[in-house]
Structures are given as C-alpha cells and as structure tokens.
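Here is a short set of exercises to work through with the model open beside you. Try each task on your own before you read its solution.

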Amino acid sequence: MTTLVGALRGVEGASLRTVAALESLDYEMRFVRDDLADAYDQEDLDRAYQSMMANQVSTDDFSRAIETGDIEAQLYFFEKVVVFLFPSSRYDGVFCSFDRTDPFPVQQVIDAAEDATVGADDGR
C-alpha cells in the first residue's frame, strides 16, 4: 500500500487527501494529508465506510446488468473533491480522495493506481 500511496501522491495536477484500504468488515486509513488529520472523527470515517460498503452491493449488480466486465474504478465528483474507489473484489478495495482541480487528471490517477498495484503484485 505504501507504493500505491506514493504513486497517487506523485500524480501531477492531483493533490491526494486520503487513502483507505477497504475490507468486507473493516477498513484501515493508510494516508491522511496533514491539513485534514483533525477534520474527521472516527464516527465520520465509520459512516463513510458503511456508505461505501452499501454502495458496493448496488454497483456490482449494475456492472452485471450492463455486462461490461469488471469495474476498473468508480469515480465520484463533488464540488471540491474527487473520489476514486478501486475495487479488488465485491467488498474489498482502495478508497482515495483528491482535491478537485480543473482539469482533473482522471486517467493519470487510474494509470498510477494500476501501475502501483501491478508492481506490488509482481514484487516491485
């Protein structure tokens, strides 16, 4: 996960806010930018995790309904934040958020995450 955080922090034009490893019954915060460390309490993080897990059920059903294959990434654009969810299975994955900029380097973030994940799987 250290490789992934480093890769995401290195994407030009994207300011990483948070990274969390999501599992079926729990999550672990892997990176929180210093200026946001006090912005969220445990209850906020738990509520966000529960919402993401609930969303995974409907997303999996949606991807099967349109027969497009595996989901590479889910994107959420908010007024000031862009959120990515990189699922590794139905209930596991990586959540990361960035400050929203115009333009935002969506494909570069996806490529960096994919490269870091493939590199970690290959022992790089």
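**Exercise 1.** Is T2 buried or exposed? Find where T2 sits as well, and how far it lies from F31.

*Solution.* Keep in mind that this is a predicted model. Start with the element: T2 belongs to helix α1. Next, take the relative accessible area, which is 70% for T2. Exposed means over 50%, so T2 is exposed. Finally, compare sequence with space: T2 and F31 are 29 residues apart along the chain, and their C-alpha atoms are 9.1 Å apart.

**Exercise 2.** Write down the order of the elements from the N terminus on, and say what share of the residues is buried.

*Solution.* Begin with a count: the protein has three helices and five strands. Then walk along the chain, where the order reads α-β-β-α-β-β-β-α. For burial, 36% of the 124 residues qualify. As an extra step, look at contacts between residues at least 6 apart in sequence: 49% of these join residues at least 24 apart.

**Exercise 3.** Describe the surroundings of β4, beginning with the strands that pair with β4.

*Solution.* Take one side at a time.
- β3 (residues 74-77) runs antiparallel to β4, and four bridges join the two. They form a hairpin with three residues between them.
- β5 is also antiparallel to β4, here with seven bridges. This hairpin has five residues between its strands.

Now pick a residue in β4. L85 is the bridge partner of Q74, and L85 also stands opposite F95 in β5. To finish, check burial: six of the seven residues of β4 are buried, so the strand is mostly covered.

**Exercise 4.** Which residues touch the most other members of the largest nonpolar core? Work out which elements supply the core, too.

*Solution.* The core has 21 residues, and L8, F84, F98 and V109 touch the most other members. At least two residues each come from α1 (2-9), β1, β4, β5 and α3 (106-121). The largest share, six residues, is from α3. A separate second core has ten residues, including L22, Y27, V81 and F95. For general background, nonpolar side chains in soluble globular proteins tend to be buried together.

Now zoom in on F98. Leaving aside neighbours within four places in sequence, its contacts include L8, L16, F84, F104 and V109. R17 and K80 are also among the contacts of F98.

**Exercise 5.** What is the volume of the largest pocket, and which residues lie nearest its centre?

*Solution.* The volume is about 590 Å³. Of the 22 lining residues, T18, Y40, L45, A48 and F95 lie nearest the centre. The elements giving two or more residues to the lining are β1 (16-22), β2 (27-32), α2 (42-66), β4 (81-87) and β5 (93-99). The largest share, six residues, comes from α2. Sorted by class, the lining has 17 nonpolar, two polar and three charged residues.

**Exercise 6.** Where is P103 placed, and what is the form of the peptide bond from D102 to P103?

*Solution.* First locate the residue: P103 is in the loop between β5 and α3. Then read omega for the bond from D102 to P103, which is near 0°, and the bond is cis. In general, most peptide bonds are trans.

Note on methods. Residues numbered from 1 in each chain as written. Predicted model: local features only at pLDDT ≥ 70, side-chain atom pairs only at ≥ 80, totals over all residues. Heavy atoms only, no water. 1 Å grid on protein atoms, 1.4 Å probe; cavity = no way out; pocket = protein on both sides within 12 Å on 5 of 7 lines; lining within 4 Å. Points joined across faces, edges and corners; volume = space filled by probe spheres on them. Nonpolar A, V, L, I, M, F, W, Y, C, P; charged D, E, K, R; others polar. Buried < 20%, exposed > 50% of the residue type's maximum accessible area, 1.4 Å probe, protein only. Pairing = 2+ DSSP bridges. Core = buried A, V, L, I, M, F, W, Y, C linked by side-chain atoms within 4.5 Å. Contact = heavy atoms within 4.5 Å.
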